Each structure stands twice: as structure tokens, then as C-alpha cells.
Amino acid sequence: QVQLVESGGGLVQPGGSLRLSCAASGSIFSINAMGWYRQAPGKQRELVATTSGESTNYADSVKGRFTISRDNAKNTVYLQMNSLKFEDTAVYYCSADLVEYSRIHYLKRYWGQGTQVTVSS
């Protein structure tokens, strides 16, 4: 059984910073890409940032403000969010494309439960 557990969300004022963490655990053989997505009320889930190997990818709306990083030894991905804006308010979900020991030729995407980020004055 694989689990992704997120932490670090909360309430922050505009211009402030938050750091999200997501740790993957369970019978994991390998992890390919990890990433962060978000879903605001009434909107579809959208990509925020992803990382795979040495490459990273960001949504245009967060470039220069958010930084994704990863600790492979801990199966953990982070999202440092700076200069937060009202429009960054959303539930943030982490994702991991991984292979389990029980199905070694099968790559599957797992999702965390989501963590709320609210930017408000």
C-alpha cells in the first residue's frame, strides 16, 4: 500500500511564504516524476510544478515565485511558495508516478489527500 502524505498548508497574508511537503511511503520500488497540482473552488485541478530527474516544469502563473525540490532518499517532494497572491488560494495535491515492488513493470500515479492553502489579508 502506497501513501502520499502532505503537510505545510495554512493561512498566509499576500506576499507571504509557505512550504509544502509530501512524503511517499509504502512498498515503493522506484519513483519517476513527482509534482504539485492545485484546485480552487469551482475550477479544475491544474498543474503547479513537476520534477523528474534533473528537469522541472512550472505553470506560468507561479514561475519565479514557487520552487519545487525533491529529496530522493526520503521519497519527499517540496514546494516552496513565495510572494503568495490571493489567486494562489486552493487545495494543493501532490502526485507521484511510481512503481511498486508487487507490480514492477507498472507505472502508476498516486495522489495525496490535499492540503489547503489560503491567501488572505
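This is a short conversation about reading side-chain contacts in a predicted model.

Colleague: I am new to this structure, so let us begin with rings. How many aromatic pairs does a search of the whole structure find?

Modeller: Welcome! A pair of aromatic rings is described by the distance of the centres and the angle of the planes. In this predicted model, searching the whole structure turns up two aromatic pairs. One of them joins F29 and Y101: the ring centres are 5.5 Å apart and the planes stand at 80 degrees, so this pair is edge-to-face.

Colleague: Where in the chain do F29 and Y101 lie?

Modeller: The pair links distant parts of the chain, 72 residues apart. F29 belongs to strand β4, while Y101 is in the loop between β9 (90–100) and β10 (103–111). Strand β4 itself covers residues 28–39.

Colleague: And is Y101 buried or exposed?

Modeller: Exposed, because its relative accessibility is 52% and the cut-off for that word is over 50%. F29 has a relative accessible area of 44%, so it is called partly exposed.

Colleague: Which residues make the nonpolar surface patch?

Modeller: Our two ring partners appear again here. F29, Y101 and I104 make a nonpolar patch of about 320 Å² on the surface.

Colleague: Now the other ring pair, please. What are the distance and angle for Y37 and W111?

Modeller: Y37 and W111 are 5.0 Å apart, centre to centre, with 70 degrees between the planes, and this aromatic pair is edge-to-face. The two residues come from distant parts of the chain: Y37 sits in strand β4 and W111 in strand β10, 74 residues apart. As for cover, Y37 is buried at a relative accessible area of 12%, whereas W111 is partly exposed at 35%.

Colleague: Can we turn to charges over rings? Which ring does the charged end of R19 sit over?

Modeller: For this feature, look for a charged end placed above a ring. R19 has its charged end over the ring of Y78, 4.1 Å from the centre of that ring. You can find another case at Y93, where the charged end of R45 sits over the ring, 3.8 Å from its centre.

Colleague: Next, salt bridges. How many does the structure hold?

Modeller: Side chains of opposite charge can pair when their charged atoms come close. This structure holds six salt bridges. Among them is the bridge between K63 and D60, with 3.1 Å from N to O. D60 counts as exposed, at 64% relative accessibility.

Colleague: Which residue forms a salt bridge with D97?

Modeller: That partner is R109, and the closest N and O atoms are 2.7 Å apart. This pair also links distant parts of the chain, with D97 in strand β9 and R109 in strand β10, twelve residues apart. D97 is buried, with a relative accessible area of 12%, but R109 counts as partly exposed at 37%.

Colleague: How far apart are the closest N and O atoms of R103 and E100?

Modeller: They are 3.5 Å apart in the salt bridge of R103 with E100. R103 is partly exposed at 38% relative accessibility. E100 has a relative accessible area of 9%, so it counts as buried, given that buried means under 20%.

Colleague: Which residues do salt bridges that share partners join into one network?

Modeller: Those are R38, E46, R65 and D88. When you trace this network in the model, follow the shared partners from one bridge to the next.

Notes: Residues numbered from 1 in each chain as written. Heavy atoms only, no water. Patch = residues over 30% accessible without salt bridge, like charges linked within 9 Å, V, L, I, M, F, W, Y side chains within 5 Å. Areas by Shrake-Rupley, 256 points an atom, 1.4 Å probe, with all protein chains shown as cover. Salt bridge = Lys/Arg side-chain N within 4 Å of Asp/Glu carboxyl O. Helix = DSSP H or I, 4+ residues; strand = E, 2+ residues; numbered from the N terminus. Phe/Tyr/Trp six-rings, centres within 6.5 Å; stacked < 30°, edge-to-face > 60°. Buried < 20%, exposed > 50% of the residue type's maximum accessible area, 1.4 Å probe, protein only. Lys NZ or Arg CZ within 6 Å of the ring centre and 35° of its normal.
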